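Visitor: I should like a close look at a single part of this model, with the cut-offs behind each term stated. Please describe its pairing carefully and then place it in its surroundings.

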Amino acid sequence: MENLVNVYFFGKRYQVPGDLTIMTAMEYAGYTLTRGCGCRHGFCGACATIYRIKGCNELKTCLACQTQVQEGMYIASIPFFPTDKRAYEIKDLKPNQQVMMELYPEIYSCIGCNACTKACTQSLNVMQYIAYAQRGELEKCAEESFDCVSCGCCSVRCPAEISHPMVGLLARRLVGKYVAPESAHVYDRVGEINRGEYDALIEQVMQKPISEMQELYNTRDIEK
Amino acid sequence: MFTENMLESIKKVEASRAARMQTEPRRMTAEEKSELLKAYHPDYRAEGFAEIKIGPNKGQKAPLELAQLLHSNSRLLNENINLDNPAYDVDVLVIGGGGAGASAAIEAHEAGANVMIVTKLRIGDANTMMAEGGIQAADKPNDSPVQHYLDAFGGGHFAARPELLRRLVMEAPDAIRWLNELGVMFDKEEDGTMVTTHGGGTSRKRMHACKDYSGAEIMRTVRDEVINRQIPVVEFTSAVELIKDDKGQVAGAVLLNMETGDYLVAKAKTVIIATGGAGRLHYQGFPTSNHYGATADGLVLGYRAGAPLLYQDTIQYHPTGVAYPSQIFGALVTEKVRSLGAMLVNKDGEAYAHPLETRDVSASAIIRECANGKGVDTPLGSGVWLDTPMIEILGGEGTIEKRIPAMLRMYLNYGIDMRKVPILVYPTLHYQNGGLEIGGEGFTKAIPNLLVAGEAVGGIHGRNRLMGNSLLDIIVFGRNAGKAAAAKAKTVTLGKPNLDHIQAYAKELEQAGLNETGVSPLLLPKYARHEK
């Protein structure tokens, strides 16, 4: 007999195999998921979940698809959380501290409790990236927040009502567009293509018989 | 965390490492590859396929699970849907909220069209979000779109539609430019040069990446742009059938609210199917790297309305899915792990093949090793080693954390430190090479004003796709579809809407003696224990 553990979905007890994730355990228990299930591999943040182990005081947050069940888990999924995203036109912004002040002024209400960092399902230093945003250090904010999957667990726990994932996202877009050095080789190639410099060559290769293409392919040199 | 037999085998991997690192494994000849594929690739297993009995591709093969959906009736067959009172009335209806759908919506909006997205989960719940390794574009001085064409054409077994592949490679650099200007944070050198690596089957280093969150970084950026533009996104709402008019043009779709069960009607002058892949159909029992909603819905919608499929019998199994531990079985281990230097190694510590053969060849070679007793037994089957500690030796300490943080995190969750020990992999169902047939401008040939973009398209890649050409195709063909649909919508006059094709399809099914009891499209896989 497989090793079964007791878990509690929304307070109701189910016995499930102990090697399942919270997500597959819910399905084992009979749930048909619509909300709270997305990529199932830890990239989309759809399955933000909050739990407490019976008898322990500590409240934990996790992604249901990336977390194995444990005996005595009391589990509630967070099917939707109203994070507060501000609308903007990226092309009208400037990459400075002022942008953060205007779009997300609540970041300056941070009380330094670090609940966001503790709640992060990706083990990011969330409070630190918010601090970078406050100071207009956009590159550092972008780098520190890069692995964010926008599950929103940080925002759920924040007493200052900050929508952290949205702050990180804004910083990354500003850095990607304005701060990171420009890639001249991309613009050069786009220009060459737009001037038609590859038209004849590509047309030629499209017309070649398959046998000739096979020969070209099988003997092409491969960059080391 | 590893079992006894795994630990025994790891010793052999470690013992052979220094010697293996001295030589690059030989690449297979064209003949060797062809024989390997025939012997071991799942596409060659006849029992995994059935003949399509009705419709435009009648007589051709499709995977069993897809054929079953094509042989099923519409869930609207006995419903009375009032088409004259639409809940939405738009120029461009985008079905699907992944990278292709979002790119299409942005460009349609940019062109001034009234556009909306419907998606059965959330915008961004899509395979795009999970693409890890990167996006190809020939934008370095030693590279050219022609070289990119040759790599992709050969890698796809010379079966790609030239007009589609031309568009893919020629518009690739502009796709990178567009994404960069939207604010996607590509990996760059200090002087702005993009960091590029090899993928399986590439002859130039043209894989651009955003660590190993490449798809996620692209998806969250285009999603943010969609939201900033206030393009309506109706989430948890599936398209369950296309609507046509009395001139045979597409005229919108019937939608299903996934939470309330209500049907709604969206009237549209043009429709873009951007519904993605089919991994959740679990062809031949394979696990999948795909997201929860990858159930080939768009193929079924289009086919029932009369649009032909192309290469629906070719599936991509990504060579390196997680074989162990079971909690993440089938999850993607990005090809970038091999781009960064990790070798594929069997139970005895032998590097049995070059790590960067094309995906179909690499997957077949893993299946061969495991079938011949050279795999490592796992609780759910078997697998071969991906020798990840090599990456740290080659690139220096910290390379894994910097370049593939998602992989490191995924394994650390289960107590496996891939910097120190190798990981076990086995092929996972990854990509639908085939799909609905389109012309170079993105339109289906059979149904006026119906476009397709992204993984739901067949023919861009031929019979196998190279790493990094899918993130590229969703952007290139998504953008194009959005522009083309917006332009076309200006000239469209809709006639009287109908769902007659549903009845006609039912009649064809009956005449062919098919009586599947289920309905299609599937919408979501049946994973609850009582539904299995």
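Guide: Two strands pair if DSSP finds at least two bridges between them, and the strands themselves (E, at least two residues) are, like helices (H or I, at least four residues), DSSP runs numbered from the N terminus. The model is predicted, so local features need pLDDT of at least 70 and side-chain atom pairs count only at pLDDT 80 or more, while totals for chains, interfaces and linings use all residues. Residues are numbered from 1 along each chain as its sequence is written, and chains are lettered from A and ligands numbered from 1 in the order in which they are written.

The part chosen is built around strand β3 of chain A, residues 48–53. With strand β4 of chain A (residues 60–63), β3(A) forms an antiparallel pair over four bridges. Within that pair, A:Ile50 has A:Thr61 of β4(A) as its bridge partner. Six residues lie between the two strands of this hairpin, and A:Gly55 adopts a positive phi near 90 degrees there. Strand β3(A) also runs antiparallel to strand β5 of chain A (residues 73–77), to which five bridges join it. In this second pairing, A:Ile53 faces A:Met73 of β5(A).

The surroundings begin with the domains of chain A. An automatic or database domain assignment supplies the bounds: domain 1 spans 4–77 and domain 2 spans 90–179. Taken over C-alpha atoms, the centres of these two domains of chain A are separated by 28 Å. Seven residues of domain 1 of chain A and seven residues of domain 2 of chain A make up their contact, where contact requires C-beta atoms, placed from the backbone, to lie within 7 Å. Strand β4(A), the partner of β3(A) in the hairpin, provides three residues, the largest share of the side of domain 1 of chain A that touches domain 2 of chain A. That side of domain 1 of chain A has five nonpolar, two polar and no charged residues; Ala, Val, Leu, Ile, Met, Phe, Trp, Tyr, Cys and Pro count as nonpolar, Asp, Glu, Lys and Arg as charged, and the others, Gly among them, as polar.

Beyond its own domains, chain A gives 62 residues to the contact with chain B, which gives 70 residues. On the side of chain B that touches chain A, helix α8(B) contributes the most, with seven residues. By class, this side of chain B holds 32 nonpolar, 18 polar and 20 charged residues.

Note on methods:
Two residues are in contact if their C-beta atoms, placed from the backbone, lie within 7 Å.
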